[in-house]
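Here's a quick look at how the pieces of this complex meet, starting with the DNA and finishing with the two chains.

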Protein chains: 2
Amino acid sequence: MLEEELKEAYHFIFEDELMEEIAKFGTLKEVKAGEKIIEIGEYVKSMPLLLEGAIKILREDKDGDELLLYFLERGDTCAMTLSCCLGQTKSEIRAVAEKDTKLIMIPIEKMEEWTSKYKSWRNFVFESYHTRLSEMLDTIDTIAFLNMDARLMRYLQDKAKINGTDLIQVTHQEIAYDLHTSRVVISRLLKKLELEGKIVLQRNSIKVLDL
Amino acid sequence: MLEEELKEAYHFIFEDELMEEIAKFGTLKEVKAGEKIIEIGEYVKSMPLLLEGAIKILREDKDGDELLLYFLERGDTCAMTLSCCLGQTKSEIRAVAEKDTKLIMIPIEKMEEWTSKYKSWRNFVFESYHTRLSEMLDTIDTIAFLNMDARLMRYLQDKAKINGTDLIQVTHQEIAYDLHTSRVVISRLLKKLELEGKIVLQRNSIKVLDL
DNA sequence: AGGAGACTGTAATAAATGTTACTGTAAGGC
DNA sequence: GCCTTACAGTAACATTTATTACAGTCTCCT
């Protein structure tokens, strides 16, 4: 069953022999929405391949407040974690399941081995780094170039897309945490977006119209 | 002569055989301070290894305004460019020489070859990605978590470090460009920092005291 | 039913940043 | 010297974001 899902998500990328190795040495991990997967400062002993679900990656400031960096989806791996594995350093980010999620965990010893052995694996790793750097640039653009209302709108759109529905289950406070601002600011801007006809507000959820 | 500088900067990292290949296939490129090295949207046909000098990496918003991402120094390579080379995509950033700079340009065909052939090269590439991701996180922290006065102070310290002197040759307008704000804001904050005894202002230059 | 706690709306105010406008001064060309 | 231009200082004002405070409503628990 693991093999099937693995195949579905990754057989376009990896050669058969590597697929077998992954199935052999990887272990399945299932996480419920909201559960923490990696904490800042932790040593990472295995690398995740995402089979199903979604993960949000967060950064923390010195006061313990958060900032959402980006989401990971099926077929993604966490280049940040990858980076930690290879460098044997502590995690610089926190990872939390956005939905119920299935992962395959690859022990780091295999990473090095596969890197020299399989071209497809090397390409996957490079490709992951590339995607992640692009995503980080996007994050920087959003933070540096956009006002809070535009950031909020983008956040809602991302969230809608990730969850595959325009009805987002989230409180104002949670949004405030992700965008590193205060609940009052979010409530105010959400109300403005509602008046502009872009969203509809309900208790504990938001319907995104403008998609 | 190229070989000597190359050796000085990279012989800790690369095995002898690879050093020879680099010397053979790489071409020396010299850039004066202020000169543009890579432009956004350009296809990159070779990868730079920094021998000497410093490069600043910039991002641009839709109005053409800039934002400084980070500096590169000796021994660094531009993971962003690397990423572009491997993926055959356009550059997402602009690179400008911060000081007079010497580079070795590696043709991209060699990259793929060396990646499978030399372990030290693979490690270098992975290491570069790791460093770059960390640097990007740092940039995000600075933008997202700090006020403009703290960002300014950090900017001045970085710049002093890169140029190896506490007397920075720069105008308020240039700083404003790098930090993506206006000249007036920078002048105001610089004056405040001067009153706090952290810097001394002169025409076209700033002396950083608090280091 | 009643109470506690989470969630939302909103006003009032403060602080940070952005914008416009004007001044004075230094440097370089003629 | 005189003119032009770049650079820096600063005031006045606008906008954006942050903070504090409080009220109203919904949900769940007992």
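In this predicted model, the surface near DNA strand D breaks down into 6 nonpolar, 8 polar and 5 charged residues. There are 19 residues around strand D, and the nearest are A:N147, A:M148, A:T181, B:T171 and B:H172. Two or more residues apiece come from α6 (148-163) and α8 of chain A, plus α7 (172-179) and α8 of chain B. The top contributor here is α8(B), with 5 residues.

Now for the other strand. DNA strand C has 20 residues around it, with A:T171, A:H172, B:N147, B:M148 and B:T181 closest. On chain A, α7 (172-178) and α8 (183-195) each give two or more residues to this surface, and on chain B, α6 (148-163) and α8 (183-195) do so. Which element gives the most to the surface near strand C? That's α8(A), with 6 residues.

What about the protein-protein side? Chain B puts 28 residues in contact with 28 residues of chain A. On the chain B side, α3 (79-87), α4 (108-117) and α5 (119-145) each chip in at least two residues, and α5(B) has the largest share, at 16 residues.

Here are the residue classes for each surface:

| Surface | Nonpolar | Polar | Charged |
|---|---|---|---|
| Near DNA strand C | 6 residues | 8 residues | 6 residues |
| Near DNA strand D | 6 residues | 8 residues | 5 residues |
| Side of chain B that touches chain A | 13 residues | 8 residues | 7 residues |

Note on methods. Residues numbered from 1 in each chain as written. Chains lettered and ligands numbered in written order. Predicted model: local features only at pLDDT ≥ 70, side-chain atom pairs only at ≥ 80, totals over all residues. Contact = placed C-beta atoms within 7 Å. Helix = DSSP H or I, 4+ residues; strand = E, 2+ residues; numbered from the N terminus. Nonpolar A, V, L, I, M, F, W, Y, C, P; charged D, E, K, R; others polar. Near = placed C-beta within 6 Å.
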